[in-house]
Amino acid sequence: NDSCEYLLSSGRFLGEKVWQPHSCMMHKYKISEAKNCLVDKHIAFIGDSRIRQLFYSFVKIINPQFKEEGNKHENIPFEDKTASVKVDFLWHPEVNGSMKQCIKVWTEDSIAKPHVIVAGAATWSIKIHNGSSEALSQYKMNITSIAPLLEKLAKTSDVYWVLQDPVYEDLLSENRKMITNEKIDAYNEAAVSILNSSTRNSKSNVKMFSVSKLIAQETIMESLDGLHLPESSRETTAMILMNVYCNKILKPVDGSCCQPRPPVTLIQKLAACFFTSSIIGYLIFYIIHRNAHRKNKPCTDLESGEEKKNIINTPVSSLEILLQSFCKLGLIMAYFYMCDRANLFMKENKFYTHSSFFIPIIYILVLGVFYNENTKETKVLNREQTDEWKGWMQLVILIYHISGASTFLPVYMHIRVLVAAYLFQTGYGHFSYFWIKGDFGIHRVCQVLFRLNFLVVVLCIVMDRPYQFYYFVPLVTVWFMVIYVTLALWPQIIQKKANGNCFWHFGLLLKLGFLLLFICFLAYSQGAFEKIFSLWPLSKCFELKGNVYEWWFRWRLDRYVVFHGMLFAFIYLALQKRQILSEGKGEPLFSNKISNFLLFISVVSFLTYSIWASSCKNKAECNELHPSVSVVQILAFILIRNIPGYARSVYSSFFAWFGKISLELFICQYHIWLAADTRGILVLIPGNPMLNIIVSTFIFVCVAHEISQITNDLAQIIIPKDNSSLLKRLACIAAFFCGLLILSSIQDKSKH
């Protein structure tokens, strides 16, 4: 429950400079965040040269330009007038009467007390008294007299006693040789024993800051004098101190240490009641059904001695499916909540290394190639192939997220193409359906919207997160509606109509041209875009942190790729209708010469884009070019995968299986594979990263698959084919969302 204790006392290094506290995540505070947290605050550091080092590192989080200068053996003040932050270092290198007097002044009621006090000293006592046992005895007496004062201060302020770091004895100068790790341990033991026993009947309010010892044990060898820590270690210690104090104030998403569990909202309580009722309802239904089943068991005919089969297999009712689905979903949502809201399981920071990203990639590629089967059809982008494509892309994206590879720009740029490719498939798939089937009925639209949004809506309720937080689903949903509206608007042009007259092809191209102009207008008119999506109730769906900038950024990043998918589908279907393509089993898509030429161009284009993405130095500039150039690698991949007949005739069943649940995998990872809303990693099994990842991945994939089945079952019941029944259901769904929006608005007002 108290992750602050872990933050102050335990942890390990991930790599050279990344500190991982035990069981929780540490946030890296920016200047603005530090000032926001410490506004109108007074922090006092009191002690020797090591405390002075910590003071400098702490101040540099607030003001990186602050210089370490002046007389080292004097008090050092710092003040940031813009945030009214005051940080003082008070030179008291020994625990003696001087330090006691300084602390005693703060205990007086008339004196303003610091909000945070960081104290510690011992090495000067060892040095001045040549490591004598008498000095240790005096230290114990002095700290015993100071302990009640610190305890009194700790009732109104945060008080930390910094235990002494070990030294690197080989580097110590001659006048410091008496400062040994054995002596330091003795002084630390004395401080811990006395300060922890300063209150008889309760736990001491003075917190032991012992984590710096662990940091020093790993880094003291890099010290210049054997006594003082290297700068990187001091920065880590200062950042820990900032997390201890500020996490409970600012509540950063990726700083789970020292954060209280978020309060349960009214909507979450109502959701818990609903799922509990569903579970109870299903259990009652199951018991009644089982009793009825027992009564209808086959009985033995007394004359013939044979069993009479008087059981009739009754079809499963919609009510049973509904209760069973919500029962399973309730249990799954309870697991989601426990993983990422209840502070029940540990969370850790991500840490990127090349091996943590590329080794799993190679592993899944080998598995994918191993499990290959023949496709049922050999058309371009057939169903098995698109499932395979979604599957391997989703697995790569998952590895990208859990390995923390977003910090490595070349990997980030390639992942951006995978996201764009998913949206390209959205454009291609939905355009092809509407163009060929001509089905613009409300049932089709509701089915797609339900399958896309059901899980996200449930998570918004259970996990208390805005709709835009799961940004990919709003993105796909909006683009689906854009495709639908573009093709459904008058004049409705479909393949059957266009085959009779080529004029309709130009009409459709004109529609696509207007769509492109509309996309360009919104992309280069941020004001107009924000005005549209800031209107209520759209603002409730697309706002994040009080504005729609994040939504505009996400939408703009892949603004052309759905249009490219629609255009590719139109061209492909037109060529297919005119029998220009050879899509037979084992046949190349074009003649040998054209196929070889296009394959060569595709490979060159694919590699050229990869080289450009790998050499990218500026993220903002590359993001600006990405919407226009990402289609190059997508088209290159499609041609490489589909021009050779043998490549088009096989697919990876391993990747295709994951492709069928790719949306659920993408959404579920937020809370039950990753942690802290994707900022960290969920730890089910502490101390064994490999076993933890195996167990958490197995549960994560099983849950995603189960949710996919639940969504499909509920879609059949909630979205009936009969239009009159569907309209009634839609009215109920609209009333549900109106109620949800009202409750959400009430919650927001109560928070503010």
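In the hairpin of strand 1 and strand 2, where 3 residues separate the strands, G15 has a positive phi near 80°. The model is predicted, so local features need pLDDT of at least 70 and side-chain atom pairs count only at pLDDT 80 or more, while totals for chains, interfaces and linings use all residues. Residues are numbered from 1 along each chain as its sequence is written, and side-chain values use heavy atoms, with hydrogens and water left out. Helices (H or I, at least four residues) and strands (E, at least two) are DSSP runs, numbered from the N terminus.

**The hairpin and the open sheet**

- Strand 1 (residues 11–14) and strand 2 (residues 18–21) run antiparallel and are joined by 4 bridges; two strands pair if DSSP finds at least two bridges between them.
- Within this pairing, R12 stands opposite Q20 in strand 2.
- An open sheet contains 6 strands in the order 4-5-3-6-7-8, and its pairing is mixed.
- Strand 4 (76–80) and strand 8 (207–209) are the edge strands of that sheet, each pairing on one side only.
- From one strand to the next, the twist averages 15°; axes are lines fitted to C-alpha atoms, for helices over the stretch in contact, and angles run from 0 to 180 degrees between N-to-C directions.
- Strand 4 runs antiparallel to strand 5 (residues 85–91), and 5 bridges join them.
- P77 has D88 in strand 5 as its bridge partner.
- Helix 9 (residues 231–250) lies across strand 3 (42–47), strand 6 (116–120), strand 7 (158–162) and strand 8, at about 160° to strand 7.

**Salt bridges**

- A salt bridge is counted when a side-chain nitrogen of Lys or Arg is within 4 Å of a carboxyl oxygen of Asp or Glu, and by this rule there are 16 salt bridges.
- Side chains of opposite charge can pair when their charged atoms come close.
- E348 and R12 form one of them, with their closest N and O atoms 3.0 Å apart.
- Because E348 lies in strand 9 (residues 346–349) and R12 in strand 1, this pair ties together parts that are 336 residues apart in sequence.
- E348 is buried at a relative accessible area of 16%, whereas R12 is partly exposed at 34% relative accessibility; buried means under 20% relative accessible area, exposed over 50%, and partly exposed in between (1.4 Å probe, protein chains only).
- D677 and R341 meet through their side chains in a salt bridge of 3.1 Å, N to O.
- D677 is in the loop between strand 12 (674–675) and strand 13 (680–683), and R341 is in the loop between helix 11 (318–340) and strand 9, so their salt bridge ties together parts 336 residues apart in sequence.
- Both D677 and R341 are buried.
- E550 and R554 also meet in a salt bridge (3.1 Å, N to O).
- E550 and R554 are 4 residues apart in helix 21 (residues 549–557), so about one helical turn separates them.
- E550 is partly exposed, at a relative accessible area of 26%.
- K60, E68, E231 and R234 are joined into one network by salt bridges that share partners.

**Helices 22 and 16**

- The 17 residues of helix 22 (residues 561–577) should span 24 Å at 1.5 Å a residue, and its end C-alpha atoms are indeed 24 Å apart; the expected span is 1.5 Å times one less than the number of residues.
- Helix 22 is mostly covered, with 12 of its 17 residues buried.
- The buried residues of helix 22 include F563, H564, M566, F568 and Y572.
- Among the elements covering those buried residues are helix 14 (409–437), helix 16 (472–488) and helix 24 (619–642).
- Q579, which follows helix 22, has a positive phi near 55°.
- Helix 16 is mostly covered as well, 14 of its 17 residues being buried.

**Nonpolar cores**

- A nonpolar core is a set of buried Ala, Val, Leu, Ile, Met, Phe, Trp, Tyr and Cys residues joined through side-chain atoms within 4.5 Å.
- The largest core has 139 residues, of which M333, F336, W389, Y470, F472, W555 and I634 touch the most other members.
- Helix 14 gives this core its largest share, 17 residues.
- Leaving aside residues up to four places away in sequence, W555 touches L475, W479, I519, L522, A523 and F529; contact means heavy atoms within 4.5 Å.
- Another core, apart from the largest one, has 46 residues, among them I51, F55, F89 and L241.
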